[in-house]
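Q: Please take a close look at a single part of this model, beginning with one residue and working outwards to its surroundings.

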Amino acid sequence: MIYLNNSTCMFTAKNPLNLLNTFVLQLPQIFYPIMKGAVDMRGDIKKLIQENHVCVLATVSEGEPHCSLMSYVADEDCREIYMATHKDTKKYRNLAANPSVSLLIDSRETGGKDKKAETKALTVTGTFQDGMDEQRRMAVRKALLDRHPGLNEFFADPAAEIIVVKVKALQLLDGITDAYFEKVS
Ligand SMILES: Cc1cc2nc3c(=O)[nH]c(=O)nc-3n(C[C@H](O)[C@H](O)[C@H](O)COP(=O)(O)O)c2cc1C
């Protein structure tokens with residue numbers, strides 16, 4: 001005997017063929033996103049990424065960490081974060097030597113009045129991805145320009161390189177002690 005939650009069951013067990021059909025039809029919808037790694041990220045995490053403008057980018061080389069304040073934009077599902085910088089910067093040299101990065105995005109700009117209790121802080125663990133085709137580069141450059149019109153000149157400079165960070169894991173602190181961890185495949 002199979003019992004299903006009423007809210008998810010469209011057919012009663014009176015007709016086993018209908019029940020079987022429902023399962024068979026729904027299987028691809030359930031498993032395709034999981035196989036694709038596209039299970040949705042928590043809404044509050046996406047909101048935090050999308051509402052803010054600057055992050056702290058931590059890079060490392062030869063065991064030395066280095067932090068830089070960076071303007072960013074994310075793709076629609078927040079699995080990639082884009083920035084731009086000149087090749088002739090310490091952060092870019094670090095990325096070229098070691099693609100491991102950590103980003104900090106927080107709600108101090110956009111959050112509530114009680115800074116300590118209401119601030120959310122998101123630590124993103126990710127990997128720098130080198131190389132992209134020209135069409136994608138132009139699309140990312142445009143997204144950065146739309147998000148940061150004040151940095152028009154900086155992003156339009158052909159010497160500005162696009163940095164793509166592929167998100168691997170997230171740790172959200174909602175207030176000082178409420179922590180949540182999520183792996184992103
Ligand atoms: C609000 C703010 C936003 C910034 N955004 C960027 C940025 O998008 N790209 C960038 O290369 N530098 C940006 N900077 C400057 C960097 O933080 C950094 O100081 C500079 O790029 C020097 O490079 P380095 O950290 O690799 O030595 C920003 C600085 C501030 C204060």
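A: Helices (H or I, at least four residues) and strands (E, at least two) are taken here as DSSP runs, numbered from the N terminus. On that basis Arg 137 is found in helix H5. The model is a predicted one, in which local features need pLDDT of at least 70 and side-chain atom pairs count only at pLDDT 80 or more, while totals for chains, interfaces and linings use all residues. Residues are numbered from 1 along each chain as its sequence is written.

Burial is judged by counting other C-beta atoms, placed from the backbone, within 10 Å of a residue's own: 20 or more make it buried, 12 or fewer exposed, and anything in between partly exposed. Arg 137 is partly exposed, because 15 other C-beta atoms lie within 10 Å. Leaving aside neighbours within four places in sequence, Arg 137 is in contact (C-beta atoms, placed from the backbone, within 7 Å) with Met 132 and Ile 162. The C-alpha atoms of Arg 137 and Ile 163 are separated by 9.8 Å, although the two residues stand 26 apart along the chain.

Ile 163 leads on to the largest nonpolar core, a term for a set of buried Ala, Val, Leu, Ile, Met, Phe, Trp, Tyr and Cys residues joined through C-beta atoms within 7 Å. This core has 28 residues, of which Ile 81, Tyr 82, Leu 103 and Ile 163 touch the most other members. Two or more residues each come from helix H2 (43-51), strands E1 (54-61), E3 (73-74), E4 (80-86), E5 (100-106) and E6 (120-129), helix H5 (134-147) and strand E7 (160-174). E7 supplies the largest share, five residues. Ile 81, again leaving aside neighbours within four places in sequence, is in contact with Tyr 72, Ala 74, Leu 103, Val 124, Val 165 and Val 167.

Helix H2, another contributor to the core, has Ile 45, Leu 48 and Ile 49 as its buried residues. They lie on the same side of H2, because they cover an arc of only 95 degrees around the axis, the arc being that of the directions from the helix axis to the C-beta atoms. What covers these buried residues includes E3, E5, E6 and E7, whereas the face of H2 turned away from its buried side carries the exposed residues Gly 43 and Glu 51.

Strand E2 (64-71) offers a contrast in burial: zero of its eight residues are buried, so E2 lies largely in the open. E1 and E2 pair (DSSP finds at least two bridges between paired strands) in the antiparallel sense over eight bridges, and they form a hairpin with two residues between them, where Glu 62 in the turn has a positive phi of about 50 degrees.

Val 54 has Ser 71, in E2, as its bridge partner, and both belong to the residues around the ligand, which also include Leu 69, Met 83 and Lys 90; a residue counts as near a molecule if its C-beta atom, placed from the backbone, lies within 6 Å of it. E2 gives the largest share of this shell, four residues.

For the protein as a whole, with its six helices and eight strands, buried residues make up 18% of the 185 residues. Among contacts between residues at least 6 apart in sequence, 63% join residues at least 24 apart.

Notes: Two residues are in contact if their C-beta atoms, placed from the backbone, lie within 7 Å.
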